[in-house]
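This report walks through selected features of one protein chain and its ligand. Please keep the sequence and the structure at hand while reading.

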Amino acid sequence: MSSTRNKLIQLLSTHKESYISGQFLSDELNISRSAIWKHMNELKKDGYEIEGKAKKGYRIISYPNKLSENTLSWGLNTEWLGQTIIHKESTTSTQRIAHELALNGAKHGTIVIADEQTKGKGRIDRAFHSNNGKGIWMSMILRPSILPFLAPQLTLLTATVIANVIDDYANIKPQIKWPNDILIHGKKMTGILTEMQAEQDQVLYVIVGTGININQAKEDLPEDIQKKATSLQIETGKHWDMLPMIQQILRTFEKKYSNYINHGFQDVKQTWENYGFRMNERLQIKSGKEEWEGIFLGIAEDGALLAKKDDGKIEKVYSAEISWF
Ligand code: BT5
């Protein structure tokens, strides 16, 4: 979306109740009044109801509930996250588009979001089911100035952001299962996929993908995962408006990310442990050929899982299959 359209949307969203004159918009945006009229027509095509009155100016009467670059920008009020948004009605995977954009120099904070993914992906090329219009299938392009080995912290940070927003919105306390799932009542409602391009000691970019099940009914989920997966609608019995929720995720992410970059991982660790699934319980860890049991203590400063072995030794686990008894 052009940055002019983005600014126009920001201006209109801060004047919701009143008319805003064509002259004012033309001065603020430094474009002609006929150019403004063209932008207004584009917004109307997108489903905005706009009233234009001679001598008074423009007023937005209602805006569409569907996802689009315009509606997502409307009143977003972030500084860098989502300043560029690419929305697709249908795509194979938002991760794929985000990688292409990042390799071509897309800015830190660029968002790719789709109504539907036909080839949504999980870790190690597992499939992630992403039905049309029923969930938040989104990838964020980040260019953090952190060492590559710390990138998994961004998965944990993202999990705390989504858990916070669900908690606030739906008044339901989710749980975060290390490292990348958010559960409600023990069933998976969100998966996070963090992918990175790095060179020696430098991160070139990180793509954080979030798949958040919102409005699926049970039968919308594939049969093989119905027993272990869920959506916000299944758990609350209500249909949820995704637009404000996505914006809240972006605003919360921006704040938490800045805090993380400036002050470190401590706040993420605390929030994560507050939502941690089955903390202080016994778990089984399978990593390559090794298999052992221990007590799940929480997460370390670098994002590793901490588990206490039966001999009292505390181990850090970076990558493993975890199961509970
Ligand atoms: C994940 O992988 O959970 C990461 C999912 C990331 C999806 C987002 S959507 C936006 C962006 N674009 C993409 O293409 N991907 C990202 P993993 O931990 O490997 O879990 C995958 C497993 O979760 C599958 O093997 C299924 O068992 C289960 N699963 C698949 N679809 C699901 C769904 N919609 N809800 C819950 N569980 C699901």
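## The C-terminal sheet

In this predicted model, 5 strands come together as an open sheet whose order is E13-E12-E11-E10-E14, with antiparallel pairing. The edges of the sheet are formed by strand E13 (314-317) and strand E14 (321-324), each of which pairs on one side only. On average, and with direction ignored, neighbouring strands of this sheet are turned by 45° against each other.

Within the sheet, strand E10 (residues 282-287) runs antiparallel to strand E11 (residues 290-299), and the two are joined over 6 bridges. One position in this pairing can be named on both sides, since Gln 284 has Glu 293 in E11 as its bridge partner.

## Glu 293 and its surroundings

Glu 293 belongs to strand E11, and how accessible is Glu 293 there? Its relative accessibility is 32%, and Glu 293 therefore counts as partly exposed, a class that lies between the limits of 20% and 50%.

When neighbours within four places in sequence are left aside, the residues in contact with Glu 293 are Arg 282, Leu 283, Gln 284, Lys 308, Lys 309 and Phe 325. With Arg 282 the side chain of Glu 293 makes a polar contact of 3.1 Å, and although these two residues stand 11 residues apart along the chain, their C-alpha atoms are separated by 7.0 Å.

## Domains

The chain is divided into three parts, namely domain 1 (3-62), domain 2 (69-275) and domain 3 (282-324). Between the C-alpha centres of domain 1 and domain 3 the distance is 56 Å.

## Ser 68

Ser 68 is placed in the loop that links strand E2 (57-62) to helix H4 (69-73). Is Ser 68 buried or exposed? With a relative accessible area of 6%, which is under the 20% limit, Ser 68 is classed as buried.

Not counting residues up to four places away in sequence, Ser 68 touches Asp 46 and His 87. The contact with Asp 46 includes a polar one between the two side chains, at 3.0 Å.

## Helix H5

Helix H5 spans residues 94-103, and its buried residues are Thr 94, Gln 95, Ile 97, Ala 98, His 99 and Ala 102. These buried residues pack against several strands, which are strand E3 (85-91), strand E4 (111-117), strand E5 (135-142), strand E8 (187-199) and strand E9 (202-213).

Both ends of the helix show a local feature that can be located in the model. At the start of H5, the backbone nitrogen of Gln 95 has a side-chain oxygen of Ser 93 within 3.1 Å, whereas just after H5 the residue Gly 105 adopts a positive phi of about 95°.

## Around the ligand

Which residues come nearest to the ligand? Of the 28 residues around the ligand, these are Ser 93, Lys 121, Arg 126, Lys 188 and Asn 213; Ser 93 is also the residue whose side-chain oxygen reaches towards Gln 95 at the start of H5.

Three lysines can be described by their polar atoms. For Lys 121 a backbone N or O atom lies 2.7 Å from an oxygen atom of the ligand, whereas for Lys 188 a polar side-chain atom lies 2.7 Å from a ligand oxygen. Lys 228 likewise places a polar side-chain atom at 3.3 Å from an oxygen atom of the ligand.

Key: Residues are numbered from 1 along each chain as its sequence is written. This is a predicted model: local features need pLDDT of at least 70, side-chain atom pairs count only at pLDDT 80 or more; totals for chains, interfaces and linings use all residues. Side-chain values use heavy atoms; hydrogens and water are left out. Two strands pair if DSSP finds at least two bridges between them. Helices (H or I, at least four residues) and strands (E, at least two) are DSSP runs, numbered from the N terminus. Axes are lines fitted to C-alpha atoms, for helices over the stretch in contact, and angles run from 0 to 180 degrees between N-to-C directions. Domain bounds come from an automatic or database domain assignment. Buried means under 20% relative accessible area, exposed over 50%, partly exposed in between (1.4 Å probe, protein chains only). A polar contact is a pair of N or O atoms within 3.5 Å; within protein, one must be able to donate a hydrogen and the other to accept it, and residues adjacent in sequence count only if both atoms are side-chain atoms. Contact means heavy atoms within 4.5 Å. A residue is near a molecule or strand if one of its heavy atoms lies within 4 Å of it.
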